[in-house]
Amino acid sequence: QVQLVESGGGLVQPGGSLGLSCAASGRTFSSYTMGWFRQAPGKEREFVAAISWNGASTTKYADSVKGRLTISRDNAKNTAYLQMNSLKPEDTAIYYCASARFLAVGTQAPSSSDFGSWGQGTQVTVSS
């Protein structure tokens, strides 16, 4: 298991941008698929994006964020990122990063139950 720590949340106006980071402990980061999930008040946790563990770094996005959010990773820094552009009020939520060893990223969005380690979450608020 890896330990994950998110950072970069905050308050941003609609249409603005924000970047989140997820720092992972351990020496096997490259073998973990990384995912971002979010949970808004009164709602269930939902999938946002994932990037695969293999060298191809295959990505998968929720339809609601395609074209606006970009997931990436830097294995040398043991860090995953979520760049968020054109933010909307409905993007307001606590954002969690998660890891899953050797999880394949395909056409189906992964479930939260596929991920074994989670960060503590970081609040993102989109409001004018």
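Which residue does a disulfide join to C22? In this predicted model, the partner is C97, with the two sulfur atoms 2.0 Å apart. A search of the whole structure turns up 1 disulfide, and the C22–C97 bond is the one described here. The torsion about its S-S bond comes out at about 55°, so the disulfide is right-handed. C22 sits in strand 3 (residues 18-24) and C97 in strand 9 (residues 93-101), so the bond ties together parts of the chain that are 75 residues apart in sequence. Both cysteines, C22 and C97, are buried.

Stepping back to the chain as a whole, the count is 11 strands and 0 helices. Reading along the sequence therefore gives nothing but β, in the pattern β-β-β-β-β-β-β-β-β-β-β. The C-alpha trace spans about 40 × 30 × 25 Å along its principal axes. How does the radius of gyration fit with a compact globule? For 128 residues, such a globule would have a value near 14 Å, and the chain has 13 Å, which agrees. Of the 128 residues, 45% are buried. The chain exposes about 6400 Å², and carbon and sulfur atoms supply 47% of that area. Contacts reach well along the sequence, too: taking those between residues at least 6 apart, 61% join residues at least 24 apart.

Now for the sheets. Strands of a sheet pair through backbone hydrogen bonds, either parallel or antiparallel. Here, 4 strands make up an open sheet in the order 1-3-8-7, and the pairing is antiparallel. Strand 1 (4-7) and strand 7 (69-74) are the edge strands, each pairing on one side only. From one strand to the next, the twist averages 15°. At the strand 7 edge, the partner is strand 8 (residues 79-84), and the two run antiparallel over 6 bridges. One of the matched pairs is L69, whose bridge partner in strand 8 is M84.

The loop between strand 7 and strand 8 holds N78. This residue has a positive phi of about 55° although it is not a glycine. Is N78 buried or exposed? Its relative accessible area is 17%, and the cut-off for buried is under 20%, so N78 counts as buried.

At the other edge of the sheet, strand 1 includes V5. V5 has a relative accessible area of 49%, so it is classed as partly exposed; the exposed class starts over 50%. Which residues does V5 touch, once its neighbours within four places in sequence are left aside? The contacts are S21, C22, A23 and Q120. C22 is thus a point where two threads of this description meet: it is in contact with V5 and is joined to C97 by the disulfide. V5 and G116, for their part, are 111 residues apart in sequence and 14 Å apart in space, C-alpha to C-alpha.

Strand 9, which carries C97, also pairs with strand 4 (residues 32-39). That pairing is antiparallel and runs over 8 bridges. Within it, M34 stands opposite S99 of strand 9. Strand 4 has a second antiparallel partner in strand 5 (residues 46-51), this time over 5 bridges, and here G35 is found opposite A50. How much of strand 4 is covered? Mostly: 7 of its 8 residues are buried. In a regular strand the side chains alternate between the two faces of the sheet.

The hairpin of strand 4 and strand 5 has 6 residues between the strands, and G42 in this hairpin takes a positive phi near 75°. A positive phi also turns up at F102, about 60°, although F102 is not a glycine. F102 is placed in the loop between strand 9 and strand 10 (117-118). With a relative accessible area of 47%, F102 is partly exposed, whereas N78 is buried.

Key:
Residues numbered from 1 in each chain as written. Predicted model: local features only at pLDDT ≥ 70, side-chain atom pairs only at ≥ 80, totals over all residues. Heavy atoms only, no water. Pairing = 2+ DSSP bridges. Axes fitted to C-alpha atoms, helices over the stretch in contact; angles between N-to-C directions. Rg over C-alpha atoms; globule rule 2.2 N^0.38 Å. Buried < 20%, exposed > 50% of the residue type's maximum accessible area, 1.4 Å probe, protein only. Contact = heavy atoms within 4.5 Å. Areas by Shrake-Rupley, 256 points an atom, 1.4 Å probe, with all protein chains shown as cover. Disulfide = S-S within 2.5 Å.
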